[in-house]
Amino acid sequence: QVQLVESGGGLVQAGGSLRLSCAASGSISSISLMRWYRQAPEKQRELVATITSGGTTIYADSVKGRFTISRDNAKNTVYLQMNSLRPEDTAIYYCNAVRLGIGGVTNDWGQGTQVTVSS
């Protein structure tokens with residue numbers, strides 16, 4: 001099992017920046033990729049960014065050019081740098097770890113961190 005703890009959310013004005021962190025512990029070596037999702041009120045959870053074990057990054061069109069996902073393997077931490085924030089980026093942001101094992105695919109989730117962007 002993998003435990004994930006997010007931090008870094010908060011209130012920011014439109015155009016501002018925030019950096020989210022996701023600290024992982026547990027069976028870290030089994031993680032294949034890490035993702036950031038977000039969920040706004042009354043909306044479905046949306047995949048925002050992915051980083052693979054090989055370092056490949058993938059972004060949703062809505063955040064491309066503004067958000068950057070990265071990781072620090074020494075700290076077992078994944079980051080989401082969010083620039084040029086917009087009110088529509090307001091959501092709870094969740095960290096997700098995908099593990100591939102004999103039993104198949106396993107997803108672990110953090111508790112989420114609130115990001116609020118004011119206009």
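This dialogue walks through one sheet and a few residues of a predicted model.

Reader: How do strands of a sheet pair?

Author: Through backbone hydrogen bonds, either parallel or antiparallel. Here, an open sheet of 4 strands has antiparallel pairing. The order is E1-E3-E8-E7.

Reader: Which are the edge strands?

Author: Strand E1 (2-7) and strand E7 (67-72). Each of them pairs on one side only.

Reader: How far are neighbouring strands of this sheet turned against each other on average?

Author: By 20°, with direction ignored.

Reader: Let me start at E1. How many bridges pair E1 with strand E3?

Author: There are 6 bridges, in the antiparallel sense. Strand E3 covers residues 18-26. For a place to look, find Glu-6, which stands opposite Cys-22 in E3.

Reader: Now the other edge. How many bridges join E7 to strand E8?

Author: Again look along the pair: 6 bridges join E7 to E8 (residues 77-82), and the two run antiparallel. Arg-71 stands opposite Val-78 in E8.

Reader: How many residues lie between the strands in the hairpin of E7 and E8?

Author: The hairpin has 4 residues there. One residue to pick out is Asn-76, with a positive phi near 50°.

Reader: What sign of phi do most residues other than glycine have?

Author: Most have a negative phi. Glu-42 is not a glycine, yet its phi is positive, about 65°. Glu-42 lies in the loop between strand E4 (31-39) and strand E5 (46-52).

Reader: Is Glu-42 buried or exposed?

Author: Exposed means over 50% relative accessible area. Glu-42 has 85%, so it is exposed.

Reader: Where does Ser-84 lie?

Author: In the loop between E8 and strand E9 (91-101). Ser-84 also has a positive phi, of about 50°, although it is not a glycine. Its relative accessibility is 41%, so Ser-84 counts as partly exposed.

Reader: Back to the hairpin strands. In which strand is Asp-72 found?

Author: Asp-72 is found in strand E7. Its relative accessible area is 24%, so Asp-72 is partly exposed.

Reader: Which residues is Asp-72 in contact with, leaving aside its neighbours within four places in sequence?

Author: Thr-77 and Tyr-79. Look also at the side chain of Asp-72: one of its polar atoms lies 3.0 Å from the backbone nitrogen of Ala-74.

Reader: What separates the C-alpha atoms of Asp-72 and Thr-52?

Author: A distance of 13 Å. Along the chain, Asp-72 and Thr-52 are 20 residues apart.

Conventions
Residues are numbered from 1 along each chain as its sequence is written. This is a predicted model: local features need pLDDT of at least 70, side-chain atom pairs count only at pLDDT 80 or more; totals for chains, interfaces and linings use all residues. Side-chain values use heavy atoms; hydrogens and water are left out. Two strands pair if DSSP finds at least two bridges between them. Axes are lines fitted to C-alpha atoms, for helices over the stretch in contact, and angles run from 0 to 180 degrees between N-to-C directions. Buried means under 20% relative accessible area, exposed over 50%, partly exposed in between (1.4 Å probe, protein chains only). Contact means heavy atoms within 4.5 Å. A polar contact is a pair of N or O atoms within 3.5 Å; within protein, one must be able to donate a hydrogen and the other to accept it, and residues adjacent in sequence count only if both atoms are side-chain atoms.
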